[in-house]
Amino acid sequence: AQILPPGTVRDQLGPRMMGGPSEPVSRRTETGQGWQVETMHDGYAARFGLRHVRQITLSPQGLMMTGRDRLVPVPGGPSGQAQNFAVRFHIHPDVRVSRLEGGGILLKLPGGEGWRFRAGGGTLEVEQSIYLGGPAVRRAEQLVISGVTKDAPAEIAWVFEQVSS
């Protein structure tokens, strides 16, 4: 989606969004495995021929959050074209990020609490990012799961789980 450009319409309506997804869907349920949210949107359909579906489950104790992202080709989309994708998790600048032996990432919070992040369905990397949530711009990091999909759904699974300190 884009924000209305400066001009008469924006002056009268304010900074409204235009374009973007036409059919967003969201559903929340409670199961024996915890609380689950499933969302879907078609915001990538026109440009990339893909619909994005995300399912997130938070365990009853709040010690694990699992997710699954699916990129599903839409009818009439560009057939036969490879599409690069990246699923990004921006990390607060006060959180220390380090790679774990055997794969995965350790996130260490300022109070000493630790969380392990693992992912499948793509290549997991740590990249530079920026944080705009305060009075000054700060350096931060992001976890990026990247890959390529072509004519078939891509499925990316990930998990954050608390680890003892």
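**Exercises on strand pairing and a pocket**

In this predicted model, strand S11 (residues 123-131) pairs with strand S12 (residues 138-149) in the antiparallel sense, over 9 bridges.

**Exercise 1.** State how many residues lie between S11 and S12 in their hairpin, and find the residue of S12 that stands opposite leucine 124.

Solution.
- Step 1: the hairpin formed by S11 and S12 has 6 residues between the strands.
- Step 2: the partner of leucine 124 is isoleucine 145 in S12.

**Exercise 2.** Describe the pairing of S8 and S9, and identify the residue with a positive phi in their hairpin.

Solution.
- Step 1: S8 covers residues 96-99 and S9 covers residues 105-108; they pair in the antiparallel sense over 4 bridges.
- Step 2: serine 98 stands opposite leucine 106 in S9.
- Step 3: the hairpin has 5 residues between the strands, and glycine 102 takes a positive phi near 85°.

**Exercise 3.** Give the volume of the largest pocket and determine which strand gives the most to its lining.

Solution.
- Step 1: the volume of the largest pocket is about 290 Å³.
- Step 2: strands S5 (50-58) and S7 (83-91) each supply at least two lining residues.
- Step 3: S7 gives the most, with 6 residues.

**Exercise 4.** Sort the residues lining the largest pocket into nonpolar, polar and charged.

Solution.
- Step 1: the lining consists of Tyr44, Phe48, Leu50, His52, Arg54, Leu71, Gln83, Asn84, Phe85, Ala86, Val87 and Arg88.
- Step 2: these lining residues divide into 7 nonpolar, 3 polar and 2 charged.

Technical notes:
Residues are numbered from 1 along each chain as its sequence is written. This is a predicted model: local features need pLDDT of at least 70, side-chain atom pairs count only at pLDDT 80 or more; totals for chains, interfaces and linings use all residues. Side-chain values use heavy atoms; hydrogens and water are left out. Two strands pair if DSSP finds at least two bridges between them. On a 1 Å grid over the protein atoms alone, a cavity is a set of points where a 1.4 Å probe fits but cannot get out, and a pocket is an open set with protein on both sides within 12 Å along at least five of seven lines; lining residues have an atom within 4 Å of a point. Grid points are joined across faces, edges and corners, and a volume is the space filled by probe spheres set on the points. Ala, Val, Leu, Ile, Met, Phe, Trp, Tyr, Cys and Pro count as nonpolar, Asp, Glu, Lys and Arg as charged, and the others, Gly among them, as polar.
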